[in-house]
Structure formats: structure tokens, C-alpha cells
Amino acid sequence: MARRLLVTSALPYANGPLHLGHMLEHIQTNVWVRFQRLRGRRVAYFCGDDTHGTATMVRARKEGASEEVLIAEMNLAHQRDFKAFDVEFDHYGSTHSPANRARCGEVWAALRQKGMVTEREVTQLFDPVAGTFLADRFVKGKCPRCGTPDQYGDACESCGSTYAAGDLKDPVSTLSGARPELRSAPHLFVQIDQLRDFLKEFVATPGRLQSEVENYLTNFFLSEPLRDWDVSRPAPYFGFEIPDAPGHYWYVWFDAPIGYMAATAEWCEKTGEAFDDWWRSPDTEIVHFIGKDITYFHTLFWPAMLKSSGFELPSRVHVHGFLTVNGGKMSKSRGTFLLASSYAEHLDPQQLRYYLASKLGSGVHDLDLDLGEFVAKVNADLVGKVVNLASRTARFVEATGLSEAYPEDGGLFRQAAMAGDDIAEAYEACDFARAMRTVMALADRANEYVDRVEPWKLAKAPERAAELRDVCTVVLNLYRQIVIYLAPVLPGLATKSSELLGAPLGAWSEAATPAVGTPIGRFSHLMQRVDPKKVEAFLAAHAPPAGSEEAAAETAGTATPSSTEDDGGPLAAEPLAAECTIDDFSKVDLRVARVVAAEELPEAKKLIKLTLSLGGGVTRTVFAGIKSAYAPASLVGRLVVVVANLAPRKMKLGTSEGMVIAAGPGEKEIFILSPDSGAKPGQRVH
Ligand SMILES: [Zn+2]
């Protein structure tokens, strides 16, 4: 039986519009889905909006609208954006649907029946004005360890320590500005450790996870008992009330992945398919595409839920890195929080699909959107190499069509046909960058051929008409192969090209046999060059007006109300410290250091691991809480100032041997200090 695939992309959160970071994931998944279909496999591709949780509730209160209205509007906006990027689903659902409620109930009943649910009191900060418990992200205060103000309730961005929200000094609710109080409420937990042996086997199954993901899970989670998973929230909460625990709601992360099943169920309803053929059949392979930030939800909690309730397990979970823009994290204040709808207004979505594909390897690395490189690459590859093949030949055979027999071409067509297996293997492994490189090498060879045979010269000699027809037949067949190989990435180009070539390009196997004797349509523009002015206009659309709310507000996808404490300026936010003497100051040994390595730690949300050189072969390892503001690669080579005699501090990830000094309140607003040029590593700062 042919492989039947059920493929999902992670559900975007219903609290904001789609940005290019979402598109990285959905384009990636969609390319893979289109590839599988081109290979003749049956694929159902599902997604939907993730709707529940405090953030939606808070936004609805702020806007004075109901949650249902907000999420319905957002669902339509998301679907519109996906369509503009040729990302097509078999069904796009919502976690706030009767189908999802029903499946949640089914999974829940199974967990209860297996004795995996337990109840415990949880003490949490409660906002007495807003009348709600506060997730860590909705509390700010001074770090209990180092005293840095304006830190979130889970970890300090300045010193990197982690703590419970209740330990923050002078805590403030970011919802109402009120001082939160500690209150306790019963929560329901899933005792996931009961399934630890199963999960060890799950993550170690060959082909299921990328090796770096498997190692991360094995070393950081599965080597010790798994903590019980808190899956309920007391009212008020926007979500589904738990049937056997009135006043309590399933936590958003409980119902979100079940949304994949709900979307399937709605599609089955529509098409007459049987749900169990897709979720309870060994003939279906379930493949999830996700970002690295939600790895453990999909590789620990989710398989535990599926296993307990008798559903098929995912055969593959493909994890990808984040999208950065021009070397930095996407940021509203820097004008790089790029919205999908705005991109589609200014630029060609196909070209972004190609650019991302050309940079997507099979690993978990972040991918940088460098807009200068984008312009250069799209123009050189797609316009200069690929489309050019058709534009330099098609018009010469408009009247005659292709030759009746495929002419001698020195082995070019055969070589390109043979490359099909390599390209397919790269697609299968999600190494799209390798697939694109191989295709572009074929395009290079085809262009060399065109340059050698010079069809435009043949066209001037009427007695060489047969030769001209043969030459164009070769080039258009090489073009056709290339377009088939690119079709998962560029479905629009494939459609236009099939009109030009008078035949559908709907199967991978068509690249193995040349087309002969077919009529050629009228040549029309297949793709425009990227106009750098349009890129500028696209970027300009995101530049926040100075002093605007966007300039202060940050991170999207998450409702992070901006702090109002900045009203009196930085001095008011952080008053001057008590006086110290010159002797006090000289106890602190500040040194110039050069960053020789900066490592991203997938397991750390905020930290970057820096290797600093103090000159003379002396290096220091420092874990700096600057990930929200700096891409690791942008740090390598620069000079910084480090507190060199700070007592080493043991952290979960290793020992930090110093501190890099920086200004700013945190998040995107962290500014590392550096000496003027000429300073040398090791020099003391006096
Ligand atoms: Zn701290």
C-alpha cells in the first residue's frame, strides 16, 4: 500500500497576524507536502488557529469584544495570508470548535481511566483587580538575585537566574498594574513520568527526530523523572471547561495539539473520509512540522497523550529554527517584525518561498532573511538562470512547436533526469538547500548550452530553421525538468510553465521523459525581477513612528503589554544606586574582551554562550542573557567589556565566568557596551 501521509504545521496563535516567522514554517511544510504529492503520494495537510488561553482573554477584555469574534476575524486573516503564499490546506480549523472539544474529552477520559491524573494545590500570583491568576509572563518585578528591575516572573535576563514568580521583589501585574497577591487553587496534573520508558523509546526510534533533538530530549528531560504536567487552569480562563472538574479549564497546551485531530475530523465530515483511517491506522504516517520552541510539547506530552488514548504516534516530528531578519531577532522597535500580508502586498510570495527553500537545511539552525541577499539570489537564480532559459528560446518555436524527436544534446537531458533521485532524497530529508543547489547546477549547465548554440543567431539564418527548432527543443526540455524539480517550491511558476509548454507538469516522473512534438504557447512573463525599491517600501511599511506604542511594545504572537514604568525615563525606572568610593569601584575588575565564539543554546530561552578572549591565550565562558536582542553570529569578533573578577557561578548549562556589561531594560532593548576601536583584549577599564 502506498504511503498515506497526514502532515501538520504548528497552529498559529489567534492573538495576532502572521509574520514571516510563521511563513518559514508553513512554507517549509507546504513544500514538503507538494513534493510528496508530486511523487504520487496521498497526503492530507491540516492546520488551524490555536485560540485558547490568557492572552486571547486579555486582548478581548482590552478591545471590549468577545473572544469568539476576535478569533473568528483572526482565523480569516490567517487563511488569507496562507493563500497568498500558496500554502494550501486540506482543512484549516480552530481549537475553539465542537470537534476539538469532543476529542479533548476523549483523550481526557483515557488519561483519567489510566489513573494518570492527579490533583494538587498550586500557589500562584493573582491579580485582584483583573480577577485572574497571572502566568509568569504577566508579572514583572525586581530579580530576587541581582535586583535588576523589570524582569518577568520566570527568569532574569540580566543575571540569567530562574525563579518562581512569587519570589520577584516588588511584583506588578502587567494586566492592571496592581500588586499581585499569592493565592492557591487546585490544579490537575498528568503524571507523565509513568510513560518515561515509552518516551525514551519514542524519541530514540530512528527517523523520527533529528539527532540533535533526540539528544536534547534524552539529556535534558528523559534522564531524570519527568515532572507532572499541569494541565488545568482555574476560572476565569478562555478555553474548554473540564467536564469532570467544573470551574477548571484545560490549559491551552492540552487542547492545542488535539486541534490537529479536530481539523482532521472536520475534514472527514466534509469529505466522507473515516477518521480512524487517519489517526488509528498503521497505514498512515503522521508528520508534524514545528518550531524548536515547542519541541517538548510535541515530543513528550503529545505522544504521551496519543499513547494513552490509543491513537497512532507521529512517525516524524521535524523541528526547525527561528527566522531572523538581517542578522537579528525580529523586532517591532527595529522595524523587522515583518508581516506576511505586507510582504504579499509589496513582493512576490513565490520568491520568498524560493529564498527560504534555498537556505533551509535539515537541521534546527536559525535561518536569516538577509534582504540584500534575497534580491541578489532571486534575481540571479530564478530570473537569470531558470526563467531565462524559456525567455531566450520559447518565441522561436511558437509557430512550429517542439521537434518530433528529441535531438542529440550531449547527454544533458539524461544527466538531469538522473539527478532527480538526488533531488528527491534532499526534499525528503527536508534539506531543501541541497535540492535547490542541485537544481541550480542543472540550470547552469543548460545556460552554458544556450550560450554555446546561440539560438538568436540561428534565428537569423532561415536555412538553419530545423537546427533552431532542435536547439530550442533541448533547452525547453531542460527548462521543463528544472521546473518540475522546483514545482514544490514554485507552484505558480509550474502552472505558468505548463501553459507555455502545453502540458501539465504534475508528476515528478515526467522529468524522466522529454516532451516532443508539442505546441508551444505564447511567451509571457514568467517572473519579474525583484525591484530593490519594492523591498525598501516593504521595510518602510514596518518602521515604527518614533515614540509610538509599537516602538515600545515587543514580541508578537505573545501578548506582552509594554511596561508603563518608563514614563519617567530610565532614571526613574532605575534610580541611582547608593554612593560608593573609588576603592569600592576598583574592586570591580572590568576588562576589554573579544567575543571569539557565540553559541545558541536551544535549551535556553534567553541565554547565549559566549567564549571571550582576554588576550594572551586566556579565555572565559560567559552565559549572557542577551538572546532577545542579539543574534549569536552578530557578536563574533566584536569587543565587549566584561566583569572579569566576578565569582564564577554554576548554572544549569555550565559555569559562567564573568559578566558582559550592557545597558537597557531588557528584551529587545539590551545594548552591549564596547570600547572605541584601538582597545585591545585584556586591557583594564578604569
Ligand atoms: Zn537577576
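**Notebook: zinc site, sheets and cavities**

I started at glycine 177, which sits in the loop between β8 and β9. For the labels I use DSSP runs numbered from the N terminus, with helices being H or I of at least four residues and strands being E of at least two. This is a predicted model, where local features need pLDDT of at least 70, side-chain atom pairs count only at pLDDT 80 or more, and totals for chains, interfaces and linings use all residues. Residues are numbered from 1 along each chain as its sequence is written, and side-chain values use heavy atoms, with hydrogens and water left out.

Is glycine 177 buried or exposed? I got 47% relative accessibility, so glycine 177 counts as partly exposed. My scale calls a residue buried under 20% relative accessible area, exposed over 50% and partly exposed in between (1.4 Å probe, protein chains only). I also checked glycine 177 against valine 129: they are 48 residues apart along the chain, and their C-alpha atoms are separated by 8.7 Å.

**Sheets**

I looked at the strands on either side of that loop. β8 (169–173) is an edge strand of an open, antiparallel sheet of three strands, ordered β7-β6-β8. The other edge strand is β7 (151–152). I count two strands as paired if DSSP finds at least two bridges between them. Strand β6 (residues 139–142) has two bridges to β7, and they run antiparallel. Within that pairing, glycine 141 stands opposite glutamine 151.

β9 belongs to an open sheet of four strands, again antiparallel, in the order β5-β4-β9-β10. Its edges are β5 (132–133) and β10 (229–230), each pairing on one side only. I found two bridges from β9 (residues 181–190) to β10, and phenylalanine 189 has aspartate 230 as its bridge partner there.

**Zinc site**

What holds the zinc ion? Its protein donors are the SG atoms of Cys143, Cys146, Cys156 and Cys159, at 2.2 to 2.4 Å. I took as donors N, O and S atoms within 2.8 Å of the metal (3.2 Å for Na, K and Ca); water is not among the atoms, so sites may look incomplete. The spacing in sequence reads C-x2-C-x9-C-x2-C.

The angles between the four donor atoms come to 106 to 111 degrees, so I logged the arrangement as tetrahedral. For four donors, that label needs all angles between 85 and 135 degrees. I then checked burial for two of the donors: cysteine 156 is buried at 2% relative accessibility, and cysteine 159 is buried at 15%.

**Cavities**

How many cavities of 30 Å³ or more are there? I got two. A cavity here is a set of points on a 1 Å grid over the protein atoms alone where a 1.4 Å probe fits but cannot get out, and lining residues have an atom within 4 Å of a point.

The largest has a volume of about 70 Å³. α13 (412–428), α14 (432–453) and α16 (465–486) each give at least two residues to its lining, which includes Leu412, Arg445 and Gln481. I sorted that lining into six nonpolar, two polar and one charged.

The second largest holds about 40 Å³ of space. Its lining is nine nonpolar residues, with no polar and no charged ones; among them are Trp229, Phe254 and Phe301. Helix α9 (residues 295–308) gives the most, with three residues.

Methods: Four donors count as tetrahedral if all angles lie between 85 and 135 degrees; four count as square planar and six as octahedral if opposite donors are over 155 degrees apart and all others between 65 and 115; anything else is irregular. On a 1 Å grid over the protein atoms alone, a cavity is a set of points where a 1.4 Å probe fits but cannot get out, and a pocket is an open set with protein on both sides within 12 Å along at least five of seven lines; lining residues have an atom within 4 Å of a point. Grid points are joined across faces, edges and corners, and a volume is the space filled by probe spheres set on the points. Ala, Val, Leu, Ile, Met, Phe, Trp, Tyr, Cys and Pro count as nonpolar, Asp, Glu, Lys and Arg as charged, and the others, Gly among them, as polar.
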